[in-house]
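Visitor: I am new here, so could you show me around this structure?
Guide: Gladly, let us take a look together.

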Amino acid sequence: MKSLHVGRRILASWMALLLCCFALPTVSQGEQIATAQENFYQHVNGDWLNSNEVPTQLGIIGSIYDLQMAVTQSNFMMMDTALLMERDKRDDAVGHMLALYRMALDMKYRDKLGLDPIRPYLNAIEGIRSVQDILPAMVKLYPVANTFLYYDSSQDPADSDRMILNLSYGSLTLGDKSYYDTTHGESAELAALRIYYGELFRITGASRQEAERYAADAIEIEQRIAAVTYSTEEAEDVRLLLNRMLFRQMEERVKTLDIMGFFRDTGVPVTADTEVMVGCPPYFDLLDDLLTQENLLKIKSFMMARTLAQQSANLHTPMAEAATDFQYALYGYEGSGIESEAYQLAESFFPHAMGDLYVQFFFTSDARKEVTEIAEHIVGVYKERVRACDWMSEATKEKALLKLDNIAYKIGYSDNYVDPFADFTFTPYKEGGNLMVAFEDLERCWEQHIRESLTKPYDRTQWEIPPQTVNAFYSPYNNEILFPAAFLQAPFFDPNV
């Protein structure tokens, strides 16, 4: 009965999460709680909204976020303990992850370096003299910043047994295109971006007047890109996102930029007949009009602003503070501090290595066994209900039962995750290393990982999220249930109840 009770707790938690997902935000009605007919969201959540306050360092709160914050705080302790044990000295994924974390924490040395680590990339942009120079500069920048192109690989939506390249624009600093629209005046978000870009240029040595001009030029290019990208709502329409093309078609579509050359020079060679999933075709239709000699100075300002913005948190104190101020202006909450930034950086490159440590410190095999038994029990109940279903044909029942028989259970942690950065060699400060050098070395490993992923069938044993993630889901692509270790604790699961 204990397993059944725990199973019910997990199911109840997921029902609550689904309700949260479908609840729509609304304008607060003060202390008065609306009736269900007037405002269902306020009726259900009004008491809680009126009696709780979002902390200044957070943008959202709730049980799942509270647990994630608790896990993160535990991981800070875990990382510091591992550093005291000099675990970062080992030549393995955990050691590399901890070495990167230690380097990111060292603000004294980052301040000593100043802007030196980013100078080679800024110089590459300054060296642009013609449209033909844009591509080599993009290639140089790619380990630390994406400007006009971004790619990765993922499971092919049409054939889940293979991987496919994805190609899109380099992203928007503000995320959503609506913030760039000035039809009804400049948005507060765009005004904050203008100040942020200006401050970044000023820190690099530009006068205030120059910084404002460079920021305006960068934003003008970004606005043109935003105008042809998908809105948040459109980006939910998979029909707009899944555009399968050959590289020969992309070459016909874009004349100014050698897209195949970009892939070749960043370490992922392709042919004219290589398939690619293009995320936003209208953007690529814009490029020939955008990348012109007439726009060259504005293009350079845009590339400079994007590079500085994407790396400001990883540079010296003035840059890091500019990033924090922008975050506060944009989202309304304070920065999380250097420890949190260093943690996020280490986790972004080595999520499963951090997961290895998390499992060693905080997870037990007993919890993994119990949740596996619960999941198997729930699937068993599904099977019974399918067999008893009187509206389903026998052929459909057979296929449903076959799918249930083949469902995969990924509980707690992966036993054999593939580390894309296994060949990464960490260069310490005393040997000329810095965060930008580390990013270049990590990028080379990532390029090799993408190359190899395109030559092999999709590995269904790999995990989409690491053990320290507070989340859980069913994947229809892979027919699997995934419960990471960090999710398997109160209030979602308690092995002691």
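**A short tour**

Visitor: Which residues of α3 are buried?
Guide: This is a predicted model, where local features need pLDDT of at least 70 and side-chain atom pairs count only at pLDDT 80 or more, while totals for chains, interfaces and linings use all residues. Residues are numbered from 1 along each chain as its sequence is written, and side-chain values use heavy atoms, leaving out hydrogens and water. Helices here are DSSP runs of H or I with at least four residues, numbered from the N terminus. With buried meaning under 20% relative accessible area (1.4 Å probe, protein chains only), the buried residues of α3 are Ile64, Leu67, Val71, Thr72, Asn75, Phe76, Met78, Met79, Ala82 and Leu83.

Visitor: How many Å does helix α3 reach from its first C-alpha to its last?
Guide: Helix α3 covers residues 63-84, which is 22 residues. The expected span is 1.5 Å times one less than the number of residues. The reach of α3 is close to that expected value, at 32 Å.

Visitor: Which residues in α13 does α9 meet?
Guide: Contact means heavy atoms within 4.5 Å. From α9, the partners are Ile221, Arg224, Ile225 and Val228. In α13 they meet Pro282, Tyr283, Leu286, Asp289 and Leu290.

Visitor: Which helix gives the most to the largest nonpolar core?
Guide: A nonpolar core is a set of buried Ala, Val, Leu, Ile, Met, Phe, Trp, Tyr and Cys residues joined through side-chain atoms within 4.5 Å. Of its 139 residues, Phe148, Tyr197, Phe263, Phe284 and Met303 touch the most other members. The helix giving the most, with nine residues, is α4.

Terms used: Helices (H or I, at least four residues) and strands (E, at least two) are DSSP runs, numbered from the N terminus. Buried means under 20% relative accessible area, exposed over 50%, partly exposed in between (1.4 Å probe, protein chains only).
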